[in-house]
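Trainee: Could we go through this model together? I should like to start with the overall fold and then turn to particular contacts.

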Amino acid sequence: MGTPNDQAVLQAIFNPDTPFGDVFGFDLGEEAEKEEADEDGVFPGAQLEQSKALELQGVIAAEAGDLSTALERFGQAICLLPERASAYNNRAQARRLQGDTAGAQADLDRALALSGGRGRAARQGFVQRGLLARLQGRDDDARRDFEQAARLGSPFARRQLVLLNPYAALCNRMLADMMGQLRSPRNGR
């Protein structure tokens, strides 16, 4: 009848109102929520606030299309707190937008190492690295990263896992064919 993941995909297709957490069995839990809250607690307050301000400036610059300023601000945030994962995640996004996939990959790997694979920074890093792998046609790597992000509570990663599942692709194609036939019935049938 297929793997539990295949069954979960079919459940999600045929019962779309079922919460993904119920389908895939992922739960943030109390410990993960506490980790998220404490993620930045190890850094000195003044430096942390300055780093966050630099990151915000970088995000604003990136959204305005000024990637060189964004990269500069993220770099400053990294210099200020080189052991904080968030700025590496943000710089990876700016590098990817610039077409520097190798630099983005390196930043994401660093962010994930710093986060220890836990918390919000890890969830974001796994999602971004999964997307980068998808863009490069490395679906197995993408699946592994999306699975990690989903375990950390990312609804986006859970949706990506459904899209990467061959049963989901087959069901979507069959559903599209059926809908096309219903919209354009052939004469005489």
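Mentor: The discussion below covers the fold, the salt bridges, the cavity and a few single residues. This is a predicted model, in which local features need pLDDT of at least 70 and side-chain atom pairs count only at pLDDT 80 or more, while totals for chains, interfaces and linings use all residues. Residues are numbered from 1 along each chain as its sequence is written, and side-chain values use heavy atoms, with hydrogens and water left out.

Trainee: How many helices and strands does the chain have?

Mentor: There are 11 helices and zero strands. Both are DSSP runs numbered from the N terminus, with helices (H or I) of at least four residues and strands (E) of at least two.

Trainee: And how much of the chain counts as buried?

Mentor: Of its 189 residues, 37% are buried. Buried means under 20% relative accessible area, exposed means over 50%, and partly exposed lies in between, with a 1.4 Å probe and protein chains only.

Trainee: On to charges. How many salt bridges does the structure hold?

Mentor: The count is 12, where a salt bridge is a side-chain nitrogen of Lys or Arg within 4 Å of a carboxyl oxygen of Asp or Glu. One of them joins Arg91 to Asp107, with the closest N and O atoms 2.7 Å apart. This pair links distant parts of the chain, as Arg91 belongs to helix H6 (residues 85-98) and Asp107 to helix H7 (residues 101-115), 16 residues apart.

Trainee: Why do Arg91 and Asp107 count as buried?

Mentor: Arg91 counts as buried because its relative accessibility is 16%. Asp107 is buried because its relative accessible area is 3%.

Trainee: Which residues are linked in a network with that pair?

Mentor: The network of salt bridges comprises Arg91, Arg95, Asp100 and Asp107. As background, side chains of opposite charge can pair when their charged atoms come close.

Trainee: What about Arg129, where is its partner?

Mentor: Arg129 meets Asp145 in a salt bridge, at 2.7 Å from N to O. Here too the pair links distant parts of the chain: Arg129 is in helix H8 (residues 119-135) and Asp145 in helix H9 (residues 139-151), 16 residues apart. Arg129 has 19% relative accessibility and so counts as buried, and Asp145 is likewise buried, at 6%.

Trainee: Which salt bridge has both residues in helix H9?

Mentor: Asp140 and Arg143 form such a bridge, with an N to O distance of 3.0 Å. They are three residues apart in helix H9, about one turn of the helix. Arg143 is partly exposed, since its relative accessibility is 24%.

Trainee: Changing topic: what aromatic pair does the structure hold?

Mentor: There is one aromatic pair. Phe146 and Phe156 meet edge-to-face, 6.5 Å centre to centre, with 80° between the planes. Phe146 lies in helix H9 and Phe156 in helix H10 (residues 155-164), 10 residues apart, so the pair links distant parts of the chain. Rings of Phe, Tyr and Trp (its six-membered ring) pair if their centres lie within 6.5 Å; planes under 30 degrees apart count as stacked, over 60 as edge-to-face and the rest as tilted.

Trainee: Are those two rings' residues buried or partly exposed?

Mentor: Phe146 is buried, at 0% relative accessibility, whereas Phe156 is partly exposed, at 29%.

Trainee: Which residues line the largest cavity?

Mentor: The lining consists of Ala92, Gln93, Arg96, Ala104, Leu108, Gln128, Leu131 and Leu132. Helices H6, H7 and H8 are the elements that give two or more residues to this lining. A cavity is a set of points, on a 1 Å grid over the protein atoms alone, where a 1.4 Å probe fits but cannot get out, and lining residues have an atom within 4 Å of a point.

Trainee: Finally, what does UniProt list for residues 51-84?

Mentor: An unreviewed UniProt entry lists residues 51-84 as "repeat: TPR". In the model, the end C-alpha atoms of this span lie 9 Å apart, and the span is 79% helix and 0% strand. UniProt positions are given in the numbering used here, feature names are shortened, and annotations may be inferred rather than shown by experiment.

Technical notes:
On a 1 Å grid over the protein atoms alone, a cavity is a set of points where a 1.4 Å probe fits but cannot get out, and a pocket is an open set with protein on both sides within 12 Å along at least five of seven lines; lining residues have an atom within 4 Å of a point.
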